[in-house]
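Got the model open on your screen? Let's go through some of the labels people put on it and ask what earns each one.

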Amino acid sequence: MIQLEKELYTLKEVAQLVNKSTDAIRNAIYPKNSTVKLNVIRKDRRVFIEKKEVERYIKYLEGLYELVEVDSEYAMNKLYADITEIPKLKQTQELFFGYSRICFSKMTGSNAYKTGTIGQFINFYNKLVTVLEDDIFKLSPDKINDLFLKEDFLKTKERLLFTRFINYAFEQKKIPLKNKLLAVQKNTRSEKEIYSLEMFNQIYRHVQNIELHLQHSINNRNYANMWVYTTLLCCDFIRGSDLILNTPIVNLKDLEIEYEELQRENFALTDTQIQHVIKQIYFSFRNKRASKTGEILTFLIPASLEKPLAYAMVCSEYLRKEDELQLDTFIEGKYRKVRTQGYITHLKFFSNYEQFIDFKFSSLIMNRSIATYLYGSVTEDSAYDSELALILTQTARSHKSEDSTKNYIQMMSKDGSLERVSNNLFRRGHFGWLYDQLLKFILSDDYKNKVLETRTIEIEKLKESFSLKEVESLAAYALNYLEPHTINQEISITNVMNSIYEKRIKVIHKVMQLKQEEISTLFEQLATHSMPSKIEHAQCLIAPNCEYPALTNCMYCEYVLPQNLILIQLNQELLRLLETINTTENLNILKRENRFLLHCFLILSEANKNFGKEHVKAYVEIDRIKSLITENTNKIEI
């Protein structure tokens with residue numbers, strides 16, 4: 001506790017002691033809550049607060065922010081302390097304790113949600129015992145029905161709690177209940193508010209205005225946090241509370257940026273630095289679960305938002321206090337209540353700008369809007385249907401059931417007003433030749449009408465792209481960085497590439513022979529990540545089957561669909577291969593590892609074309625790999 005040396009303190013001095021504004025202290029003198037009230041004395045026409053009052057206020061504030069973990073034990077202790085005990089209803093009380101214990105042990109969600117649920121149980125029980133003349137299991141069916149239907153007695157959620165508790169009590173006492181009570185929850189679904197497409201696009205463009213927000217975020221943590229939060233809401237429709245609780249702390253040492261640099265007029269992050277930040281966000285959300293449903297969070301970052309998100313995260317990280325969460329300004333009190341709508345200081349991110357006059361920010365409306373526009377952009381494409389779109393939306397929202405997802409989606413007429421907000425809003429970072437070919441077949445408007453002969457033109461395009469771009473780029477790499485090799489002269493790079501090409505053609509033929517519904521099912525499985533490969537950041541076109549069961553790494557398979565984070569594993573594999581090549585003299589091993597190395601270079605080449613070299617450098621140690629290649633030029637055969 002803060003040590004006080006004086007007997008009397010001015011309002012300004014108290015404000016400095018507790019790190020609050022003078023207005024906050026003045027409000028504590030005349031509060032609505034009497035437990036906060038500060039008593040003052042007047043001396044020489046000035047207002048002072050005595051030492052004992054300041055100590056009491058400091059103790060109150062410390063208790064207010066002392067963190068409380070709301071678990072089942074806390075919930076039961078709260079229940080024991082706050083329910084109304086009536087001796088003649090002792091058995092009803094014990095039954096309610098038993099029922100509550102079961103419910104609290106399964107309770108998930110934020111601390112604020114849990115404390116609300118505990119309060120609901122307490123209020124329900126205290127209300128119930130006011131009308132009970134005997135233990136609940138002794139009530140007649142008519143009396144139970146009368147209580148259930150009693151006007152202005154039970155609210156909707158309390159009716160549900162009442163029916164479940166009644167059924168539990170009778171089961172525990174082994175008393176048959178002639179007709180089990182069932183409280184039917186009304187379908188409250190109606191036309192729920194979403195942002196217009198015009199407004200959503202305004203928000204989407206607003207978060208991308210780096211030059212504007214950078215100057216406001218450098219010294220204002222609330223503004224920086226709101227920039228991060230809003231950008232994340234534009235990326236995906238994870239619940240606001242899950243974003244606030246899971247947005248990671250960023251390691252800025254790797255970025256080598258000093259705080260003073262942020263204030264320079266020409267400050268800019270390189271693409272590699274941007275990808276370092278994005279990589280950390282991906283890793284942070286990896287395997288995290290939604291607090292409400294327990295489902296794995298599905299996190300996506302459209303390419304158009306990577307840059308603004310990285311800038312916002314860097315500003316936010318520099319202003320973050322030690323031992324606090326990244327978005328801690330949205331959290332308050334000892335129960336860590338999450339304010340998903342933000343405070344007035346957060347909302348200045350919008351209210352300071354003319355285009356957002358009368359704009360009402362809501363994370364829930366943002367969630368509904370993205371769900372709707374994603375759903376619409378999918379169903380507008382003839383290669384999809386609404387069922388598939390619903391599954392995609394459900395996965396991104398981390399819902400357990402489709403019914404939950406439907407509550408977020410507003411159906412809109414297909415009159416052309418519904419456009420794609422972002423082409424890659426739901427891309428999971430797939431890239432590479434096979435993914436590109438699948439998109440050509442699956443997303444083409446006239447796929448149904450294409451006959452097999454017509455579609456073979458696509459194969460010729462593939463051959464042209466493959467032979468001219470891939471072979472020449474790798475040949476150029478060999479000429480630029482490698483000396484003439486001396487092993488296995490009969491196996492040329494062209495022969496190896498032709499072998500890979502022939503295997504890819506077989507894959508394309510298989511895809512072209514699929515029916516429309518099979519194509520939709522295939523893409524549905526890819527979109528929901530239901531076709532895993534043996535490696536983490538890739539999928540397999542023929543899962544659960546395997547073309548090469550003896551191989552432990554899928555990078556060398558023609559059926560693999562890599563995703564952007566495979567670059568992390570690609571880096572490890574390249575280093576492993578080069579280390580093996582460096583240490584072995586066995587010609588058979590050298591031949592095998594060289595062929596594997598070529599496959600890895602193909603993935604690297606495709607990643608460079610898709611994401612850009614600066615992007616790839618954030619994941620792959622290019623300089624180190626080049627150095628290892630140069631050291632082993634007499635053993636490398638490409």
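Q: What share of the protein chain counts as buried?
A: Of its 638 residues, 51% count as buried, the label for a relative accessible area under 20%. Bear in mind that this is a predicted model. The chain has 27 helices and 7 strands. As for contacts with a separation of 6 or more, 71% of them are between residues 24 or more positions apart.

Q: Why is α14 called roughly perpendicular to α15?
A: The axes of helix α14 (residues 271-285) and helix α15 (residues 303-319) cross at roughly 80 degrees. Angles of 65 to 115 degrees count as roughly perpendicular, so α14 gets that label relative to α15. The two axes come within 9 Å.

Q: What makes up the contact of α14 with α15, by class?
A: From α14 you get Ile274, Gln275, Val277, Ile278 and Ile281, and they meet Glu306, Lys307, Leu309, Ala310, Met313 and Val314 of α15. By class, that contact has 8 nonpolar, 1 polar and 2 charged residues.

Q: What makes Tyr195 and Phe359 an aromatic pair, and why is the pair called tilted?
A: A search of the whole structure finds 22 aromatic pairs, and Tyr195 with Phe359 is one of them. The ring centres are 5.2 Å apart, and the cut-off is 6.5 Å, so they pair. Their planes are 35 degrees apart; stacked needs under 30 and edge-to-face over 60, so tilted is what remains.

Q: How do you know that this pair links distant parts of the chain?
A: Tyr195 is in the loop between α8 (156-172) and α9 (197-207), while Phe359 is in the loop between α16 (344-351) and α17 (363-379). That puts them 164 residues apart. Both Tyr195 and Phe359 are buried.

Q: Why is the pair of Tyr229 and Phe330 called tilted?
A: Centre to centre it's 4.7 Å, with 55 degrees between the planes. That angle falls between the 30 and 60 degree cut-offs, so the pair is tilted. Tyr229 sits in helix α11 (residues 221-235) and Phe330 in the loop between α15 and β4 (331-332), so the pair ties together parts that are 101 residues apart in sequence.

Q: Are Tyr229 and Phe330 buried or exposed?
A: Tyr229 has a relative accessible area of 0%, so it's buried. Phe330 also comes out at 0%, so it's buried as well. One aromatic cluster takes in Tyr195, Tyr223, Tyr229, Phe330, Phe349, Phe350, Phe356, Phe359 and Phe361.

Q: How do you know that Arg339 lies over the face of Tyr343?
A: Arg339 is at 4.5 Å from the ring centre of Tyr343, and the distance limit is 6 Å. Lys150 lies over the face of Phe153 in the same sense, at 5.3 Å from the ring centre.

Q: Why is Gln93 called buried?
A: Its relative accessible area is 3%, and buried means under 20%, so Gln93 qualifies. Gln93 is in helix α5 (residues 90-105). Leaving out residues up to four places away in sequence, Gln93 touches Ile83, Glu85 and Tyr125.

Q: What makes Asp44 exposed?
A: A relative accessible area of 68%, set against a cut-off of over 50%. Asp44 lies in the loop between β2 (41-43) and β3 (46-50). Its phi is near 50 degrees, a positive value in a residue other than glycine.

Q: Why does Arg45 count as exposed?
A: Its relative accessibility is 88%, and exposed means over 50%. Arg45 also lies in the loop between β2 and β3, and has a positive phi of about 65 degrees although it is not a glycine.

Q: What is the omega of the cis peptide bond that joins Ala543 and Pro544?
A: Omega is about 10 degrees. Pro544 is found in the loop between β6 (538-540) and β7 (560-562).

Q: Which residues does Asn222 touch, not counting those up to four places away in sequence?
A: Thr329, Thr345 and His346. Asn222 is in helix α11. The C-alpha atoms of Asn222 and Leu319 are separated by 9.4 Å, with their positions 97 residues apart along the chain.

Conventions. Residues are numbered from 1 along each chain as its sequence is written. This is a predicted model: local features need pLDDT of at least 70, side-chain atom pairs count only at pLDDT 80 or more; totals for chains, interfaces and linings use all residues. Side-chain values use heavy atoms; hydrogens and water are left out. Axes are lines fitted to C-alpha atoms, for helices over the stretch in contact, and angles run from 0 to 180 degrees between N-to-C directions. Helices (H or I, at least four residues) and strands (E, at least two) are DSSP runs, numbered from the N terminus. Angles under 35 degrees count as roughly parallel, over 145 as roughly antiparallel, 65 to 115 as roughly perpendicular and the rest as oblique. Contact means heavy atoms within 4.5 Å. Ala, Val, Leu, Ile, Met, Phe, Trp, Tyr, Cys and Pro count as nonpolar, Asp, Glu, Lys and Arg as charged, and the others, Gly among them, as polar. Rings of Phe, Tyr and Trp (its six-membered ring) pair if their centres lie within 6.5 Å; planes under 30 degrees apart count as stacked, over 60 as edge-to-face and the rest as tilted. Buried means under 20% relative accessible area, exposed over 50%, partly exposed in between (1.4 Å probe, protein chains only). A charge sits over a ring if NZ of Lys or CZ of Arg is within 6 Å of the ring centre and within 35 degrees of the ring normal.
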